[in-house]
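Got your viewer open and a few minutes to spare? Let's walk through this one stop at a time, selecting as we go.

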Amino acid sequence: MSRPPLVAVVGAPNVGKSSLVNRILRRRRAVVSEQPGTTRDRTYDRAEWAGRDFDLVDTGGMEPNARMGLEALVTLQARVAVEEADVIVHLVDARTGPTDADAAIARELRRASAGVILAVNKLDNPADDSDRHLFHALGEGEPHAVSAVHGIGVGDLLDVIVSLLPEVEPEEEARLPRLAIVGRPNVGKSTLLNRLLGAERAVVSEIAGTTTDAVAGEITSEDGSERYLLLDTAGVGRSSRKAGGVSYYSALRTEEAVRRSDVSLLLVDAVEGLVASDLRLARQIEDAGRTCGVVVNKSDLVPAGRLREIENIVAARMTDLRPPVIGISALTGADIEHIIPLAARLLRAYGLRLPTHEVAEFVNRLVGRSAPPKGVKIRYSTQTGTEPPAFLLFANRPKDIPESYRRYVENSLRDRYDLYGVSVRIRVKSSR
Ligand code: GDP
């Protein structure tokens, strides 16, 4: 579930970013040419040091627009790292000494909340590191000497990187995704929960964390590959659930369950269709930044065409999330085998993480198909977050990008990457 922290290697062209990344990953990738800007294939790679996992991004390929000046290009690269990374390695070249581009990057990185490590590359003779001291002028602390090509100093650099990684809570890593089934009273939540849990209801109390989390039980797909903790949104674990004050407490319980969930399924009554409180719940799920699927219950009571009707209403009324819709009968058990695949699909969308170059290329293609208003240029795009996916576009005049254009990008991403039911966040920032 939770992703490892992200480490970005930034630096002026040709300082050896790709060589360092390859050295850390202990493999040779594409041949690194001496020409600036020749390594374009950038993605997140998983690395490991001293028992800690992290993702490594080499920002060297971030050169979408050749007409951009060198300085604009390197500061843009730094800015992306500032947005994305937990730790930033600013790589410089001992042979050139501090350059204007290095200083421009250092200026950008000053705004980073992430830890910044200054590394001086191409110090192939560690005995003579007098060149290293020149880089104190960048104001980024002690310069660490490395030779990416010869592998000198890289282990020490990794020690420093790992020491700056944010702590991950151990239970976070093993955590099962949480599924909440929400809906107004009498829509069939307890009937569905009981049916999904079946015989496993008996062992609920043995599941770790049940007491604090109000977990009703664990559900598993037929082949065992998908496992979820089902949150108790119906009060099935309580003996006197219909006792006084139900609506207040059930509203609280719903709010809490949505917040704790990764995936929320909104249960809707097939007979009554979509009502105002359903829309409120969908909004609540969206505001909490969670994912939402619509499950139409009581299909046994309605004619076959009813699901299609409700689908159309959902499409018309839930235009922000555009959630997927399935129909079931909790009472008869019809089609409830579609619940776990629906949750899996939403969870995949929720945790989507695209390689940097893929986002940039995708948005470039969108711009090619339908350009923003005249004079407005989208210089670069990147994914800045996941769960839910968040994207950042850098534009020369961000204020001149209309809401409709942001929606165009959002919906195109949703169509391409199956982000239905997920609140996709898109921000636009100045590239200057
Ligand atoms: P909750 O308040 O959302 O937990 O709803 P309940 O699970 O208590 O269900 C309310 C009523 O609807 C009960 O009488 C259920 O038997 C009935 N019900 C639930 N699911 C179905 C279904 O798929 N078909 C039919 N016909 N009735 C259902």
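Before the first stop, one term: a polar contact here is a pair of N or O atoms within 3.5 Å. Keep in mind, too, that what you are looking at is a predicted model.

**Stop 1: the ligand**

Select L331 and the ligand together. An oxygen atom of the ligand sits 3.2 Å from a backbone N or O atom of L331, so this pair falls within the 3.5 Å cut-off for a polar contact. How much of the ligand does the protein bury? On its own the ligand exposes 580 Å², and the protein buries 78% of that.

Now add V187 and G188 to the selection. For V187, a backbone N or O atom lies 3.3 Å from a ligand oxygen. For G188, a polar backbone atom is 3.0 Å from an oxygen atom of the ligand.

Next, show everything around the ligand. There are 16 residues in this shell, and the ones that come nearest are N186, K189, S190, T191 and D300. Try colouring the shell by class: you should get 5 nonpolar, 6 polar and 5 charged residues. Which helix gives the most to this shell? That is α7, residues 189-197, with 3 residues.

**Stop 2: the sheet of six strands**

Switch to a cartoon view and find the open sheet of 6 strands, whose order is β8-β9-β7-β10-β11-β12, with mixed pairing. Its edges are β8 (215-220) and β12 (325-327), each pairing on one side only. Ignoring direction, neighbouring strands in this sheet are turned by 30 degrees against each other on average.

Bring α7 back into view, the helix you met at the ligand. Helix α7 packs on this sheet, where it touches β7, β8, β9 and β10 (263-269), and its direction makes about 50 degrees with that of β8.

Zoom in on β7 (residues 178-182) and β9 (residues 227-231). These two strands run parallel and are joined by 2 bridges. To see a facing pair, pick R178, which stands opposite L229 in β9.

**Stop 3: the sheet of three strands**

Move on to another open sheet, this time of 3 strands in the order β13-β14-β15, again with mixed pairing. Here the edge strands are β13 and β15 (425-430), and each pairs on one side only. The average turn between neighbouring strands, direction ignored, is 25 degrees.

Two helices are worth showing with this sheet. Helix α13 (residues 356-369) packs on it and touches β13 and β14, with its direction at about 135 degrees to that of β13. Helix α14 (residues 403-417) lies across β13, β14 and β15, running at about 135 degrees to β15.

Now keep just β13 (residues 378-385) and β14 (residues 390-395) on screen. They run antiparallel, joined by 6 bridges. Click on S381 and look across to L393 in β14, which stands opposite. Then try Y380, whose bridge partner in β14 is F394. While you have side chains switched on, remember that in a regular strand they alternate between the two faces of the sheet.

**Stop 4: the turn of the hairpin**

Follow the chain from β13 into β14. The hairpin has 4 residues between its strands, and E387 takes a positive phi near 55 degrees there. Select P388 as well, which is found in that loop between β13 and β14. What kind of peptide bond joins E387 and P388? It is a cis bond, with omega about 0 degrees.

**Stop 5: two more loops**

For another positive phi, go to A50, where the value is near 50 degrees in a residue other than glycine. You'll find A50 in the loop between β2 (44-49) and β3 (52-58).

Finally, select K122, in the loop between β5 (115-121) and α4 (130-133). Its side chain reaches the backbone oxygen of N14 at 2.9 Å. Leaving aside residues up to four places away in sequence, K122 touches N14, V15, D93, A94, R95, V146 and S147. For a last check, draw a distance between the C-alpha atoms of K122 and I152: they are 30 residues apart along the chain and separated by 9.4 Å.

Notes. Residues are numbered from 1 along each chain as its sequence is written. This is a predicted model: local features need pLDDT of at least 70, side-chain atom pairs count only at pLDDT 80 or more; totals for chains, interfaces and linings use all residues. Side-chain values use heavy atoms; hydrogens and water are left out. A residue is near a molecule or strand if one of its heavy atoms lies within 4 Å of it. A polar contact is a pair of N or O atoms within 3.5 Å; within protein, one must be able to donate a hydrogen and the other to accept it, and residues adjacent in sequence count only if both atoms are side-chain atoms. Accessible areas come from the Shrake-Rupley method with a 1.4 Å probe; for residues, only the protein chains shown count as cover. Ala, Val, Leu, Ile, Met, Phe, Trp, Tyr, Cys and Pro count as nonpolar, Asp, Glu, Lys and Arg as charged, and the others, Gly among them, as polar. Two strands pair if DSSP finds at least two bridges between them. Axes are lines fitted to C-alpha atoms, for helices over the stretch in contact, and angles run from 0 to 180 degrees between N-to-C directions. Contact means heavy atoms within 4.5 Å.
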